[in-house]
Structure formats: structure tokens, C-alpha cells
Amino acid sequence: MISGTVPKAWKISKIIPIFKKGAKDNISNYRPISNISSLSKVFERGIIAKLKLVPEDQLFGTNQHAFRKGSSTITAGLVFQDFIANKSDNNKLVFAYSADLTAAFDVLRPNLLVKNLLDLSLNPALIRVISNFLSKRSAFVQIGESTSYSWELPIGCVQGSVLGPVLFNIYMRDLTKVITTVEPNSFVMIAI
């Protein structure tokens with residue numbers, strides 16, 4: 001961690017398509033599983049330990065209800081249900097909108113994540129390591145003994161990693177700043 005660089009071998013994802021159901025010739029019937037280095041996962045747990053020194057509400061914001069201790073889809077539902085009940089008790093209309101961010105990990109912009117990390121006033125060395133962890137990543141597909149060519153992944157969070165969900169939650173924490181009409185407890189985020 002002193003150098004701020006992550007070994008190149010830890011930045012390679014082997015993607016194995018696993019058949020779910022339906023016609024085997026339809027690619028949408030396969031779920032891609034990303035395998036990454038076991039050593040990378042140990043390293044990632046060390047990064048998570050450093051990030052856990054920051055209070056969760058500061059790290060993730062107060063609206064995130066998944067991948068957090070004592071928080072789940074159930075707590076998200078209860079907070080939102082309470083909001084609706086309070087509005088109904090006061091004869092107010094409630095409009096609910098749900099957004100499915102399927103494959104959202106794939107669109108994470110590392111430079112925007114680094115901005116969020118800087119806003120948290122984290123140790124600059126830790127930010128450099130996280131930035132390096134997300135940069136110059138590559139992937140290839142393996143089916144049986146056959147492998148595809150390798151390609152670079154300039155954006156996205158690491159699929160199959162233990163650090164990925166934590167980084168994604170940090171990335172999404174400022175969403176309530178973008179949605180300006182948010183009342184307390186009216187905006188709930190979950191990741192499942």
C-alpha cells in the first residue's frame with residue numbers, strides 16, 4: 001500500500017457464463033460470474049477495514065439501506081412505509097418512484113468515486129490505492145478450456161469483489177443532492 005499500486009494480476013477478472021434456464025442459445029439466459037484473485041480479496045478486506053474507521057452515515061449517507069450493518073431491504077421498506085403513513089395521516093398525496101439500476105456496477109465512474117472519497121477527507125494514500133485498484137482493470141471470458149481475448153474495463157466497479165459493494169455505496173451517496181425535492185425519510189436506496 002506504500003507504493004499506492006495494486007499488482008496487475010489482481011486487476012484481471014475471469015468471466016464464466018453460468019446457464020440459468022431457457023434456451024441455451026440465448027445469451028440472456030446466462031449469468032456472468034466474475035472470478036478475481038483470492039489475494040485481491042484479502043487486500044480488499046484490508047481496504048474495507050480502513051474505510052470502516054469512517055462513520056457509516058458519513059461514508060454512505062443516511063438513505064442507503066443495504067450492505068450496511070443493521071440495515072436491509074426490510075429497514076428500507078419500514079422507513080418508506082412510515083413516510084407514507086405519516087403523509088396519509090395528514091391527508092397528503094404520496095407519489096412513489098422506483099428505479100432499477102440493473103448493472104449499475106458497470107457504469108461506476110472511478111473519477112467521480114475518487115471525488116466522493118476526497119470529500120470524505122480520507123487518507124490520500126488510501127484514495128490513491130482505491131483509484132489504482134479501479135484503474136487499468138481487464139477481463140476475459142472462459143468457457144470450458146476456451147478463452148476470449150482480454151479487454152480493458154475503463155469504468156465500472158469490480159464484479160465479484162468484496163470491496164465493490166462498499167465502493168458503489170460511497171459512489172451513490174450523493175444521489176440525494178441531485179434529487180433536490182427529497183424530504184427526510186422519503187428517499188430510500190437499497191442494493192440487492
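Here are three short exercises with worked solutions on the predicted model above.

Residues are numbered from 1 along each chain as its sequence is written. In this predicted model, local features need pLDDT of at least 70 and side-chain atom pairs count only at pLDDT 80 or more, while totals for chains, interfaces and linings use all residues; side-chain values use heavy atoms, leaving out hydrogens and water.

**Exercise 1.** Find where Gln 64 lies and decide whether Gln 64 is buried or exposed.

*Solution.* Start with the loop between helix H2 (56-60) and helix H3 (73-89), where Gln 64 lies; helices are DSSP runs of H or I, at least four residues, numbered from the N terminus. Next, take the relative accessible area: at 4%, Gln 64 is buried (under 20%, with a 1.4 Å probe and protein chains only; exposed is over 50%).

**Exercise 2.** Name the elements that give two or more residues to the largest nonpolar core.

*Solution.* First, picture the core (buried Ala, Val, Leu, Ile, Met, Phe, Trp, Tyr and Cys residues joined through side-chain atoms within 4.5 Å). This core has 35 residues, and those with the most contacts inside it are Leu 51, Leu 113, Ile 130, Leu 167 and Ile 170. Then list the elements: H1, H2, helix H4 (110-119), helix H5 (124-134) and helix H6 (164-172).

**Exercise 3.** Pick out residues that Ile 170 touches, not counting residues up to four places away in sequence.

*Solution.* Look for contacts, meaning heavy atoms within 4.5 Å. Your list should include Leu 51, Leu 59, Phe 60 and Leu 113. Complete it with Asn 116, Leu 117 and Leu 120.
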